[in-house]
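Morning, everyone. I'd like to walk you through one structure today, strands and rings. Please have a look at it first.

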Amino acid sequence: MAPAKKGILERLNAGDVVIGDGGFVFALEKRGYVKAGPWTPEASVQYPDAVRQLHREFLRAGSNVMQTFTFYASDDKLENRGNNLKLTGAQINEAACDLAREVANEGDALVAGGVSQTPSYLSCKSKADVKAIFRKQLDVFIKKNVDFLIAEYFEHVEEAVWAVEVMKETGKPVAASLCIGPKGDMHGVSPGECAVRLVKAGAQIVGVNCHFDPMTCVETVKQMKEGVEKAGLKAHYMVQPLAYHTPDCNCQGFIDLPEFPFGLEPRILTRWDMHKYAREAYNAGIRFIGGCCGFEAYHIRAIAEELAPERGFLPSASEKHGSWGAGLEMHTKPWVRARARRDYWENLKPASGRPQCPSMSVPDSWGVTKGHADLMQQKEATSKEELEQLFDKSKTH
């Protein structure tokens with residue numbers, strides 16, 4: 001038998017760097033396997049080869065965590081807004097666990113089962129109702145014996161705490177990741193206070209994912225770390241940001257950008273931006289470093305290459321990538337060969353190639369969150385009349 005892999009807490013307690021994977025819903029939407037809007041992960045059942053291949057690409061790039069493709073796989077979300085699927089959350093989650101485990105067993109990776117925010121919470125359902133949704137998902141993760149659990153993509157710390165409380169019942173290691181920025185959650189709870197609440201609820205790893213660019217996310221986790229230490233508590237820290245530049249975002253993050261979700265490509269970070277992000281996160285004391293929406297395998301490879309001195313090895317994918325552009329030494333054009341050096345790529349200021357475009361956008365600011373009538377969720381598809389009202393409202397913001 002193969003020796004048992006070190007668990008997530010064993011690795012973090014030893015000071016190891018744990019590299020996460022990337023954003024599955026965005027990557028698979030671009031590949032034609034996920035529908036934008038619902039963002040639900042039925043591809044784990046319908047197109048398992050696509051999900052399996054993406055796991056393999058992240059593993060080859062250096063990921064130590066195969067996160068199950070279970071984002072938004074609660075039954076209430078699967079039924080939301082007329083998303084009439086013939087699959088249950090349990091079916092999707094079981095298939096996702098099997099795919100993640102299959103690929104994790106091909107390398108030194110762990111399987112993380114993840115739950116995320118629910119329409120039921122936004123619709124002001126009770127704590128018991130929301131916890132029951134999480135518990136139903138976790139039953140599958142325990143059955144499939146995932147290595148640890150992640151409560152990810154929570155805009156409201158209250159709901160994340162509820163998720164953590166249910167996760168602690170399993171005895172598995174628990175990570176909790178909010179999709180917030182430096183201004184805190186959607187009810188104005190600061191990052192430091194959010195982290196304290198999550199640790200007190202039982203999370204051993206806390207941090208942020210999605211909604212903001214890497215440097216913004218690192219700054220947010222720094223605030224979380226300060227809050228936890230000030231409270232006399234201990235935790236490990238994680239960060240899994242967007243692969244998009246978001247200097248113009250408000251507290252809601254990239255969802256408020258006019259370019260969301262189909263026009264974000266001009267904002268994508270380069271692999272060299274990822275080197276800076278990885279170093280900044282490591283220097284901040286963060287040891288679980290990965291990505292979310294917009295991240296592709298080459299972004300994860302850049303993180304693994306930047307932190308290779310600390311990890312002691314390069315990822316398999318580096319065999320096809322020269323350090324800091326070294327492979328360009330073999331290019332046919334001499335001016336391209338002249339770019340085979342670190343200082344060139346570190347100091348490059350990429351152009352957008354779009355002369356008529358502004359450098360930043362004005363985010364939509366509707367100012368609604370849990371408890372507002374506009375966010376009450378429904379199973380029926382949005383009607384034409386309801387859409388017309390939204391179109392009209394968008395003109396006034």
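Let me begin with one ring. Phe260 has a relative accessibility of 23%, so it counts as partly exposed. Keep in mind that this is a predicted model.

Now the partner of Phe260. Phe26 and Phe260 form a tilted aromatic pair. Their centres are 6.3 Å apart, and the planes meet at 35°. That angle is neither under 30 degrees nor over 60, so the pair is called tilted rather than stacked or edge-to-face. Phe26 itself is at 4% relative accessibility, so it is buried.

Where do the two rings sit in the chain? Phe26 is in helix α2, residues 24-30, and Phe260 is in the loop between β7 and α12. The pair therefore ties together parts that are 234 residues apart in sequence.

Phe26 and Phe260 also belong to a cluster. Ring pairs link them with Trp39, Tyr244 and Phe254. How many aromatic pairs are there by this rule? The count comes to 20.

Here is another pair. Tyr344 and Trp345 sit edge-to-face, 4.7 Å centre to centre, with 85° between the planes. Which of these two is buried, and which is partly exposed? Tyr344 has a relative accessible area of 24% and is partly exposed. Trp345 comes in at 19%. Buried means under 20%, so Trp345 counts as buried.

Rings can also meet charges here. The charged end of Lys77 sits over the ring of Tyr72, 4.2 Å from the ring centre. Arg287 lies over the face of Tyr282, and the distance to that ring centre is 3.7 Å.

Next, the strands. Take β4 to begin with, residues 148-154. It runs parallel to β5, and five bridges join them. Within that pairing, Glu152 stands opposite Ser177 in β5. From β4 the chain crosses through helix α9, residues 157-168, to β5, and this β-α-β crossover is right-handed.

On to β5 itself, residues 174-178. Is this strand mostly covered or mostly open? Mostly covered: five of its five residues are buried. Val174, Ala176 and Leu178 point one way. Ala175 and Ser177 point the other way.

β5 also pairs with β6, again in parallel, through four bridges. Ala175 stands opposite Ile205 in β6, and Ser177 stands opposite Gly207. So Ser177 faces partners in two strands: Glu152 in β4 and Gly207 in β6. Helix α10, residues 191-201, lies between β5 and β6 in a right-handed β-α-β unit.

Then β6, residues 205-209. Why call it largely enclosed by the rest of the structure? Because five of its five residues are buried. Both faces are covered. On one side are Ile205, Gly207 and Asn209, and on the other are Val206 and Val208.

β6 pairs with β7 as well, in the parallel sense, over five bridges. Ile205 stands opposite His236 in β7. The chain gets from β6 to β7 through helix α11, residues 214-230, in a right-handed crossover.

To wrap up, two things to look at on screen. One is the pair of Phe26 and Phe260, which ties together parts 234 residues apart. The other is β6, joined to β5 by four bridges and to β7 by five, with both faces covered. Thanks, and I'm happy to take questions.

Terms used: Residues numbered from 1 in each chain as written. Predicted model: local features only at pLDDT ≥ 70, side-chain atom pairs only at ≥ 80, totals over all residues. Heavy atoms only, no water. Phe/Tyr/Trp six-rings, centres within 6.5 Å; stacked < 30°, edge-to-face > 60°. Buried < 20%, exposed > 50% of the residue type's maximum accessible area, 1.4 Å probe, protein only. Lys NZ or Arg CZ within 6 Å of the ring centre and 35° of its normal. Pairing = 2+ DSSP bridges. Right-handed = clockwise from strand over helix to strand, strands pointing away.
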